[in-house]
Amino acid sequence: MRQGRFKITAIGVTVLVAVLALGLSARALDQAAAKTDMVTAPRFEVDPMWPKPLPNNWVIGQAIGLTVDARDHIWMVHRVDSLTVNEVGQQQNPPVAECCKAAPPVLEFDAEGNLLRSWGGPGQGYEWPNSNHGLFVDHKGIVWMGGNVGTDRQILKFTQDGKFVAQFGKAGQEISSNDTQNFGRPAKIFVDAKENEAYIADGYGNKRVIVIDGDTGAYKRHWGAYGNKPDDKDPGLLAGGYNPDAPLIKQFRSPVHCADMSVDGLVYVCDRPNDRLQVFTREGKFIKEKVIAPRTLGDGSIWDVAFSKDPQQKYMYIADGKNERIYVLLRDTLEVLTTFGDGGRQPGQFFAVHSIATDSKGNIYTTETYHGRRLQKFVYKGIGQVPRDQGVVWPKK
């Protein structure tokens with residue numbers, strides 16, 4: 001009898017040892033997998049104290065455009081009329097509260113987050129957009145702006161003090177992706193300093209990239225997806241109905257959300273609802289594409305792009321306002337190395353991250369639209385080992 005008990009106990013011990021061994025092995029494998037799932041990439045930490053509070057009880061609405069100028073000043077534009085009565089009680093007639101008021105549409109900050117200048121809105125001699133969209137400060141210090149709803153067909157130019165310079169296109173014209181005089185609710189502008197040409201992501205009505213002279217606005221060229229001539233004949237298909245299991249269509253969907261140029265003259269185009277980034281030469285010759293998060297429906301995954309500040313721009317960054325993250329890619333291969341961010345309203349999280357830009361030190365800035373209504377800064381911390389999915393990049397103690 002004792003012998004039988006001993007055998008059962010021995011068997012139990014053996015099983016226990018085996019289970020423990022398996023558990024330790026599994027843990028070792030998990031730890032090894034975690035270590036091998038690290039990648040070398042740029043590292044960032046959110047600065048939860050940036051920017052500094054706005055003066056005058058000002059608040060911002062949907063933050064819809066972002067750019068960094070040659071002095072590392074950060075410019076943004078927001079939609080004043082997206083603010084609700086509850087948010088701007090002070091400016092009601094009569095006031096219903098002691099706070100708050102809408103900030104002017106265009107705001108300029110220094111690298112420390114101090115507000116430097118503010119201006120914008122309807123005025124003499126130009127047609128202010130129904131809905132601001134996109135902002136760019138060019139090599140001459142001129143501020144460019146588009147607009148993306150209703151009758152918006154125009155691009156505006158201002159000095160940095162808000163003085164009107166020029167308008168290209170006229171509001172209210174018919175939309176056509178092959179119009180050489182007007183735009184179709186243009187989303188974003190990039191000005192190539194070398195050739196003094198403006199690349200317009202055109203946009204929310206049209207489905208193309210159009211290039212104009214930076215001074216006169218004279219038409220230069222335009223193209224659609226894969227360098228094809230844009231086709232507006234089937235707006236039902238092109239404007240919606242994205243199916244992640246179907247072959248990619250040969251035209252852009254609306255909106256064509258960005259057209260930004262790298263230092264080597266490649267043009268990166270955000271085909272937002274198709275979840276794809278397409279790359280072209282200056283002349284519109286298609287080179288390659290990258291599909292990211294292809295099962296993203298609705299708003300799509302490719303909202304805006306920016307580049308690292310090393311001389312070769314080895315890395316690029318993509319803002320995804322639907323999945324609430326930033327992708328870090330190798331620019332030459334378009335391989336996604338890592339992501340950071342998460343959905344939420346705390347620093348380092350996003351709600352509809354819309355625009356992205358970098359300063360000369362490699363810091364990243366983002367804006368958020370819809371109910372995000374925010375500007376954030378992510379401090380560059382050098383190249384190092386990071387997880388493939390970083391989540392919120394909170395400052396380390």
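The following questions and answers cover two open sheets in a predicted model.

The model is predicted: local features need pLDDT of at least 70, side-chain atom pairs count only at pLDDT 80 or more, and totals for chains, interfaces and linings use all residues. Residues are numbered from 1 along each chain as its sequence is written, and side-chain values use heavy atoms, without hydrogens and water.

Biologist: In what order do the four strands of the open sheet with S20 stand?
Modeller: Strands are DSSP runs (E, at least two residues), numbered from the N terminus. Two of them pair if DSSP finds at least two bridges between them. The pairing here is antiparallel, and the order is S20-S21-S22-S23.

Biologist: Why is one side of S20 and of S23 left without a neighbour in the sheet?
Modeller: Strand S20 covers 304-307 and strand S23 covers 335-340. Both stand at the edges, so each has a single partner strand.

Biologist: Which residue stands opposite Ala306?
Modeller: S20 pairs with strand S21 (residues 315-320) over four bridges, in the antiparallel sense. Opposite Ala306, in S21, stands Tyr317.

Biologist: Which strands are the edge strands of the sheet S12-S13-S14-S15?
Modeller: This open sheet has four strands with antiparallel pairing. Its edge strands each pair on one side only: S12 (188-192) and S15 (219-223).

Biologist: By how much are neighbouring strands of this sheet turned against each other on average?
Modeller: Axes are lines fitted to C-alpha atoms, with angles from 0 to 180 degrees between N-to-C directions. Here direction is ignored, and the average is 20°.

Biologist: How many bridges join S12 to S13?
Modeller: S13 spans residues 197-202 and runs antiparallel to S12. Val191 stands opposite Ala198 in S13. The number of bridges joining S12 to S13 is five.
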